[in-house]
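Let's take a walk through this one, moving from a single residue out to the ligand and the charged pairs. Keep the viewer open as you read.

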Amino acid sequence: MAKTLLVTGSSGLIGSEVCAFFAAQGFTVHGVDNNQRAVFFGPQGDTRWNQRRLIATLKGFRHHELDIRDRPGVLALVKEIKPDLIVHTAAQPSHDRAAAIPFDDFDTNAVGTLNLLEAARQACPESPFVHLSTNKVYGDAPNRIPLVELETRWDYADPAYAHGIPETFTIDQSTHSLFGASKVASDVLAQEYGRYFKMPTCCLRGGCLTGPHHSGVELHGFLSYLVKCNLEGREFKIYGYKGKQVRDNIHSYDVARFVLEFYSAPRCAEVYNLGGGKENSCSVLEGFKLAEKFTGRAMKYTYVEQNRIGDHICYYSDLRKMREHYSKWDLTKSLEQTVREIVEAWQTRK
Ligand SMILES: NC(=O)c1ccc[n+]([C@@H]2O[C@H](COP(=O)([O-])OP(=O)(O)OC[C@H]3O[C@@H](n4cnc5c(N)ncnc54)[C@H](O)[C@@H]3O)[C@@H](O)[C@H]2O)c1
């Protein structure tokens, strides 16, 4: 019999990629999404187009119009489906947006995650549960690492971080933004359901997760939004750090591939930093060059001296733990290829 997958946030970037990837593996896929991204970010954040794409292209895909804050609804759905795998990607995903909507942010990110974890414990405690966490759980503590300024980017001066930020990095006593705080709560909850109840849970602490199916907006979806601005001739605002702030970018396809590896050999209460690593990192200025290379259009931008509160100056993930635990997994999409796909996707969607 076909295995069953439940994906929350199925119309979003990661959720939709996971749905398509596992449908191709023969899974029966159930998606939960209520287009809350349009509520968080306005019409530019609307993900209905992606929901329609999944319904049109994935055989047997079932969409559930459900808010993960609806506790009885979540408990009933998980009990009914008893999925063999749960991938939880629904979230209020923006660092900056959270300050204006603290209750919606915490209720979605922390309480919504608790609803799902408890529903899983009651209905299918043996099924792997993958939680999409974030590098913002480390707050702005990575900014304390001494840096070296290069021509177009910052980099770590301390050789201890030559491979990037490891999972052992402190999550304590730094500025997280309310988003980072609600995600810390969900991250620790997912770990606790693993340790306390012995459930096969895993937190993926994302750097910049990206890809062609993102509904990028200024407050979330760095590369997707950058490319969109370029194509529309819109001005991109750089906030501080001379535009040399570094993000590591991973294609959503490589995220889905990791989820399959975890499903195939699950572990309890694990935590992984998941990003493009140093090889797929770029600064904002370097991101401009990449977009220009594939669109042939010059990037328009303005510079604002004030950085975003708690924003990382330089962040790239140390991927060694993932590679050690799951030796068959590695990055397959280069940053160049990813940017090219994002450019093509926006051109098609326009
Ligand atoms: N994209 C990134 O750069 C990035 C980086 C680090 C961590 N993450 C994490 O990865 C996960 C997925 O991110 P993404 O980029 O795919 O986000 P996304 O916004 O593209 O997708 C999230 C989806 O969840 C849905 N959703 C939000 N609240 C909901 C609710 N209450 N009930 C039901 N559905 C709801 C939204 O409508 C959206 O379609 C999130 O947990 C995010 O915090 C993302």
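Start with Asp254, which is buried, with a relative accessible area of 0%. Bear in mind that this is a predicted model. Asp254 has its place in helix H8, residues 252-264. Which residues does Asp254 touch, not counting those up to four places away in sequence? The answer is a run of neighbours: Trp329, Asp330, Leu331, Thr332 and Lys333. With Lys333 there is a specific link, as a polar atom of the Asp254 side chain lies 3.1 Å from the backbone nitrogen of Lys333. For a sense of place, try Val130: it is 124 residues from Asp254 along the chain, and their C-alpha atoms are separated by 15 Å.

Lys333 turns up again among the charged pairs. Its side chain meets that of Glu341 in a salt bridge, 2.8 Å from N to O. Is Lys333 buried or exposed? At a relative accessible area of 16%, Lys333 is buried, because the cut-off for that is under 20%. Glu341 is buried too, with a relative accessible area of 17%. So Lys333 offers its backbone nitrogen to the contact with Asp254 and its side chain to the salt bridge with Glu341.

**Salt bridges**

Side chains of opposite charge can pair when their charged atoms come close. How many salt bridges does a search of the whole structure find? It finds 22. Here are some of them, with the distance between the closest N and O atoms:

| Pair | N to O distance |
|---|---|
| Arg153 and Glu286 | 2.9 Å |
| Glu341 and Lys333 | 2.8 Å |
| Glu344 and Arg340 | 3.9 Å |

Take Arg153 and Glu286. Arg153 sits in the loop between strand S6 (147-149) and strand S7 (154-156), while Glu286 belongs to helix H9 (residues 284-295), so their salt bridge ties together parts that are 133 residues apart in sequence. Both Arg153 and Glu286 are buried.

Glu344 and Arg340 make a more local pair: both lie in helix H11 (residues 335-349), four residues apart, which is about one turn of the helix. Glu344 is partly exposed, with a relative accessible area of 42%, and Arg340 is partly exposed as well, at 37%. Elsewhere, salt bridges that share partners join Asp67, Arg69 and Asp104 into one network.

**Around the ligand**

Asp67 also matters when you look at the ligand's surroundings, since it is one of the residues that come nearest among the 32 around the ligand. The others named in that group are Asp33, Arg37, Lys183 and Gly207. What sort of residues make up the shell? They divide into 12 nonpolar, 15 polar and five charged. Several elements supply at least two shell residues each: helix H1 (13-24), helix H2 (36-41), strand S5 (129-134), helix H6 (177-197) and strand S9 (208-210).

Now zoom in on the ligand's oxygen atoms. A polar side-chain atom of Arg37 lies 2.6 Å from one such oxygen. Thr47 likewise places a polar side-chain atom 3.4 Å from a ligand oxygen. Leu209 does it with its backbone, where an N or O atom lies 3.0 Å from an oxygen of the ligand. How much of the ligand's own accessible area does the protein cover? Of the 830 Å² that the ligand has on its own, the protein covers 97%.

Gly207 deserves a closer look. You'll find it in the loop between strand S8 (201-206) and S9, and at 19% relative accessibility Gly207 counts as buried. Beyond its neighbours within four places in sequence, Gly207 is in contact with Asn135, Asp248, Leu274 and Gly275. Thr134 is 73 residues from Gly207 in sequence, yet their C-alpha atoms are 6.5 Å apart.

**One more stop: Asn50**

Asn50 lies in helix H3, residues 48-57. Is Asn50 buried or exposed? Its relative accessible area is 0%, so Asn50 is buried. Its side chain is joined to that of Arg53 by a polar contact of 2.8 Å. Leaving aside neighbours within four places in sequence, Asn50 is in contact with Ser11, Gly12, Ser16 and His213.

How values were computed:
Residues numbered from 1 in each chain as written. Predicted model: local features only at pLDDT ≥ 70, side-chain atom pairs only at ≥ 80, totals over all residues. Heavy atoms only, no water. Near = heavy atom within 4 Å. Polar contact = N/O pair within 3.5 Å; in protein donor to acceptor, adjacent residues only side chain to side chain. Areas by Shrake-Rupley, 256 points an atom, 1.4 Å probe, with all protein chains shown as cover. Nonpolar A, V, L, I, M, F, W, Y, C, P; charged D, E, K, R; others polar. Salt bridge = Lys/Arg side-chain N within 4 Å of Asp/Glu carboxyl O. Buried < 20%, exposed > 50% of the residue type's maximum accessible area, 1.4 Å probe, protein only. Contact = heavy atoms within 4.5 Å.
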